[in-house]
Amino acid sequence: MDKQLEDIKVIRDMMERSTKFLSLSGMAGVVAGTTAIIGSAFAYFFLLRNPEDTDLNRFQEIVILVADALTVLTISLGFGIYLSWRKAKKRNQKFITKSTLSTVYNLLLPLAVGGIFSLICLYRGQIELIASVTLIFYGLGLVNASKYTFEEIHYLGITEIILGIGAAIYLAHGVLFWTIGFGVCHIVYGLIMYKKYDMK
């Protein structure tokens, strides 16, 4: 009986590996969250806290904010790919599989739409909506991609959507909601996933 249960467990693990992207690193979430907090702190203290004290015009401020956001995104993605690749290699698993591509596609589609919508908000001068837009579309991307990876990603996505709605209601505190969503939540979920999956 014990052998049959063990065989069923092995078969289930094999099926899960073949249909889900399980190389996602928890530490990647911690790095992404830390980077987001640093990026939002830079934006707040350098530009947003007292914009009248800077010698920059509106266009220059937008360029700096976009550069800041792209830097955070690049560092987060870079470390996410590297740490997940290292985890897969350590466990003798393939990093790029059909489930990996499905995860990336289902995450990037809502992100791309949210990015375009954010650029439209920038163009129209509605900068206060960007925190809400990025949180909501990122959350939708996570929920969408969670079918192909860990179930915790689904709950992180729901959390991001709720924070995005909060940022839309309290527009003056958008940076705070953004920092909690992309910073604190990533660190918390990253540590949970690292303890639950990476330390095995």
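Here is a walk through this structure, from the overall fold down to single residues. Keep in mind that the model is predicted.

Let's start with the big picture. The protein has 7 helices and 0 strands, so the pattern along the sequence reads α-α-α-α-α-α-α. There are 200 residues in the protein, and buried ones make up 38% of them. If you take the contacts with a separation of 6 or more, 73% come from residues 24 or more positions apart. As for the surface, the protein exposes about 12500 Å², and carbon and sulfur atoms supply 69% of that area.

A good place to zoom in is the pairing of helix α5 with helix α7. Helix α5 covers residues 130-145 and helix α7 covers residues 174-198. Two packed helices are described by the angle between their axes and the distance between the axes. Here the angle is about 30 degrees and the axes are 8 Å apart. Angles under 35 degrees count as roughly parallel, and that is why α5 and α7 are described as roughly parallel to each other. Which residues of α5 and α7 meet? On the α5 side they are Ala-131, Thr-134, Leu-135 and Tyr-138. On the α7 side they are Gly-174, Phe-177, Trp-178, Gly-181, Phe-182 and His-186. Sorted by character, the residues of this contact divide into 6 nonpolar, 4 polar and no charged.

Some of those names come back when you look at the rings. A search of the whole structure finds 5 aromatic pairs. One of them joins Tyr-170 and Phe-177, and it is stacked, at 6.3 Å centre to centre with 5 degrees between the planes. Why does that pair count as stacked? Planes under 30 degrees apart get that label, and the angle for Tyr-170 and Phe-177 is 5 degrees. Are the two partners buried or exposed? Phe-177 has a relative accessible area of 17%, so Phe-177 is buried, while Tyr-170 is partly exposed at 49%. The cut-off for buried is under 20% relative accessible area. Ring pairs also link Tyr-138, Trp-178 and Phe-182 into a cluster, and these three residues are among those at the meeting of α5 and α7.

Helix α5 has other neighbours too. Ser-118 lies in helix α4, which runs over residues 98-123. Leaving aside neighbours within four places in sequence, Ser-118 is in contact with Ile-130, Val-133 and Thr-134. With a relative accessible area of 9%, Ser-118 is buried. Thr-134 is also one of the α5 residues that meet α7.

Further along α5 sits Val-143. What does Val-143 touch, leaving aside neighbours within four places in sequence? The list is His-154, Gly-157, Ile-158 and Ile-161. Val-143 and His-154 are 11 residues apart in sequence, yet their C-alpha atoms are 4.6 Å apart in space. Those contacts fall within the span of helix α6, residues 152-169. Tyr-155 lies in α6 as well. Its relative accessible area is 47%, so Tyr-155 is partly exposed. From Tyr-155 to Leu-142 you count 13 residues in sequence and 8.6 Å in space, C-alpha to C-alpha.

Now go back to helix α7, where you find Tyr-194. Tyr-194 is partly exposed, with a relative accessible area of 33%. Not counting residues up to four places away in sequence, Tyr-194 touches Gly-26, Met-27 and Met-199. Met-27 is 167 residues away from Tyr-194 along the chain, but the C-alpha atoms of the two are separated by 6.3 Å.

One last stop is Glu-61, in helix α3, which spans residues 58-90. Is Glu-61 buried or exposed? At 11% relative accessibility, Glu-61 counts as buried. Along the chain, Glu-61 and Phe-46 are 15 residues apart, and their C-alpha atoms are separated by 9.8 Å.

How values were computed:
Residues are numbered from 1 along each chain as its sequence is written. This is a predicted model: local features need pLDDT of at least 70, side-chain atom pairs count only at pLDDT 80 or more; totals for chains, interfaces and linings use all residues. Side-chain values use heavy atoms; hydrogens and water are left out. Helices (H or I, at least four residues) and strands (E, at least two) are DSSP runs, numbered from the N terminus. Buried means under 20% relative accessible area, exposed over 50%, partly exposed in between (1.4 Å probe, protein chains only). Contact means heavy atoms within 4.5 Å. Accessible areas come from the Shrake-Rupley method with a 1.4 Å probe; for residues, only the protein chains shown count as cover. Rings of Phe, Tyr and Trp (its six-membered ring) pair if their centres lie within 6.5 Å; planes under 30 degrees apart count as stacked, over 60 as edge-to-face and the rest as tilted. Axes are lines fitted to C-alpha atoms, for helices over the stretch in contact, and angles run from 0 to 180 degrees between N-to-C directions. Angles under 35 degrees count as roughly parallel, over 145 as roughly antiparallel, 65 to 115 as roughly perpendicular and the rest as oblique. Ala, Val, Leu, Ile, Met, Phe, Trp, Tyr, Cys and Pro count as nonpolar, Asp, Glu, Lys and Arg as charged, and the others, Gly among them, as polar.
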